Amino acid sequence: MTELAAVKAALKTQAVETPSWAYGNSGTRFKVFAQQGVPRDPYEKLADAAKVHEFTGVAPTVALHIPWDNVEDYGALAKYAQERGLKLGAINSNTFQDDAFKLGSICHADPAVRRKALDHLLECVDIMDATGSRDLKLWFADGTNYPGQDDIRERQDRLAEGLREVYARLGDDQRMLLEYKLFEPAFYTTDVPDWGTAYAHCLKLGDKAQVVVDTGHHAPGTNIEFIVATLLREGKLGGFDFNSRFYADDDLMVGAADPFQLFRILYEVSRGGGFTAGVAFMLDQCHNIEAKIPAIIRSVMNVQEATAKALLVDRDALAVAQREGDVLGANAVLMDAYNTDVRPLLGEVREELGLDPDPMGAYRRSGWAERIVAERVGGTQAGWGA
């Protein structure tokens, strides 16, 4: 197989999971801007997700968020997805929108509050059983705002105890993905603030616990590709939440603020075998002012473009330059790949898959946007209600 053919083959097998919440209304802390045609329930979210997959060919799974995506029959929801060429992906828990969790959830000082949080997490595993989902994704808003507010070490003990109980409930083919975030909403301490904390807990739990890297959850200047390389080397990179930000967790479209960073991250994924190691490539975005479905299509395309460039890096030439201490030569190898216009290549890949080479144009011509505006009248639009 030629080098170009190998790149094409890898691109054809890539899969990007889209988040159900990205199809609903969202906003800042100040305002949620409603849009016409937004889904009113999880079924309509899946209908929109099916369109993203139809035009990109690489978005076959949809992450759910509980309780935002609660339904009476999760088996029926999974069947509905399957009928539209989709599968249900990661189940995301929510331990940050209940009044009881004001001072924390799984790390709370009150055992009754911790029990409430754990029961929710165990419910999410039940939903995984019903949907066939592989991944339970955990993000905790737990933390403190003032010195002395709570005992830092004890909160870590409570976290470890709770994670052990949830881990024990996982099936043989299920995983726990532990997410971290530098700050927000807590600003003095955050209970899972960085990849090292997440890694330490996952290491003690076992092989079914892995770290998820949200690209918007780091301090400015953080070398995310170093984190990715290290977690891959240790076999502990479970997945990504792809988005983009300028300072905090803005959940902007992946690759929007710093496409070169996305390329560097995906090169390390390629270098470390992450495309074949079960790493989940998930979007975690909220589209506040832009149209939902086109923004998600564009985000998938941004991941594809960065991946194509990463796969085009001449690894042999790079290794030679690195061994010889040729600093500029090594950098030039990376820059040559990054500066390559891969859009024609991806157009060819899509045509070979029987798709329109221009997913955005194909969506516009499909009439789906006009159809959902006309049909989705009445009811309550989906959204996280910030």
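Which residues lie nearest the centre of the second largest pocket? Keep that question in mind for a moment. Good morning, everyone. What you see above is a predicted model. Now the answer. Ala-15, Glu-17, Thr-61, Arg-134 and Ala-280 lie nearest the centre of that pocket. They belong to a lining of 29 residues.

Where do the lining residues come from? Four elements give two or more residues each. They are helix H1, residues 3–13, strand E3, residues 87–92, strand E10, residues 280–283, and helix H9, residues 292–311. Strand E3 gives the largest share, with four residues. The volume of this second largest pocket is about 550 Å³. By class, its lining holds 14 nonpolar, 11 polar and four charged residues.

Let me step back to the whole chain. It has 14 helices and 10 strands. How does its radius of gyration sit with that of a compact globule? For 386 residues, such a globule would have a radius near 21 Å, and the chain has 21 Å, so the two agree. The C-alpha trace spans about 60 × 60 × 40 Å along its principal axes.

What share of the residues is buried? The figure is 55% of the 386 residues. Next, contacts. Take the contacts with a separation of 6 or more. Of these, 78% join residues 24 or more positions apart. Then the surface. The accessible surface comes to about 17400 Å². Carbon and sulfur atoms account for 52% of that area.

Now for empty space. Rolling a probe the size of a water molecule over the atoms shows where empty space is left. We start with the largest pocket. About 1200 Å³ of space lies in it. Its lining has 42 residues. Nearest the centre of this pocket are Arg-29, Phe-96, Trp-139, Lys-181 and Glu-184. By class, the lining has 15 nonpolar, 15 polar and 12 charged residues.

What about cavities? A search of the whole structure finds one of 30 Å³ or more. The largest cavity has a volume of about 40 Å³. Its lining residues are Lys-181, Leu-182, Phe-183, Glu-184, Gly-216, His-217, His-218, Ala-248 and Asp-249. They divide into three nonpolar, three polar and three charged.

You have now heard Glu-184 twice. It is among the residues nearest the centre of the largest pocket, and it also lines the largest cavity. Where in the chain is Glu-184? Look at the loop between strands E6 and E7. Is Glu-184 buried or exposed? Its relative accessible area is 15%, and buried means under 20%, so Glu-184 is buried. The backbone here deserves a look too. Phi of Glu-184 is near 80°, a positive value in a residue other than glycine. The next peptide bond, from Glu-184 to Pro-185, is cis, with omega near 5°. Pro-185 sits in the loop between strand E6, residues 175–179, and strand E7, residues 189–190.

There is another cis bond to find. It runs from Ile-66 to Pro-67, with omega near 15°. Pro-67 is in the loop between strand E2, residues 61–65, and helix H3, residues 74–83.

Two more residues, and I am done. One is Val-58. It lies in the loop between helix H2, residues 42–56, and strand E2. Val-58 has 1% relative accessibility, so it counts as buried. What does Val-58 touch, leaving aside neighbours within four places in sequence? Its contacts are Leu-11, Gln-14, Ala-15, Val-16, His-53, Val-300 and Gln-304. Take Leu-11. It is 47 residues from Val-58 along the chain, and the C-alpha atoms are separated by 8.7 Å. Ala-15 should ring a bell. It was one of the residues nearest the centre of the second largest pocket.

The other residue is Leu-237. It lies in strand E9, residues 237–242. At 4% relative accessibility, Leu-237 counts as buried. Not counting residues up to four places away in sequence, Leu-237 touches Gln-210, Val-211, Val-213, Val-228, Leu-231, Leu-232 and Val-279. Now pick out Leu-334. It is 97 residues from Leu-237 along the chain, and their C-alpha atoms are separated by 23 Å.

To close, go back to Glu-184 on the model. Find the cis bond to Pro-185, then find the cavity that Glu-184 helps to line. Thank you.

Technical notes: Residues numbered from 1 in each chain as written. Predicted model: local features only at pLDDT ≥ 70, side-chain atom pairs only at ≥ 80, totals over all residues. Heavy atoms only, no water. 1 Å grid on protein atoms, 1.4 Å probe; cavity = no way out; pocket = protein on both sides within 12 Å on 5 of 7 lines; lining within 4 Å. Points joined across faces, edges and corners; volume = space filled by probe spheres on them. Nonpolar A, V, L, I, M, F, W, Y, C, P; charged D, E, K, R; others polar. Rg over C-alpha atoms; globule rule 2.2 N^0.38 Å. Buried < 20%, exposed > 50% of the residue type's maximum accessible area, 1.4 Å probe, protein only. Contact = heavy atoms within 4.5 Å. Areas by Shrake-Rupley, 256 points an atom, 1.4 Å probe, with all protein chains shown as cover.
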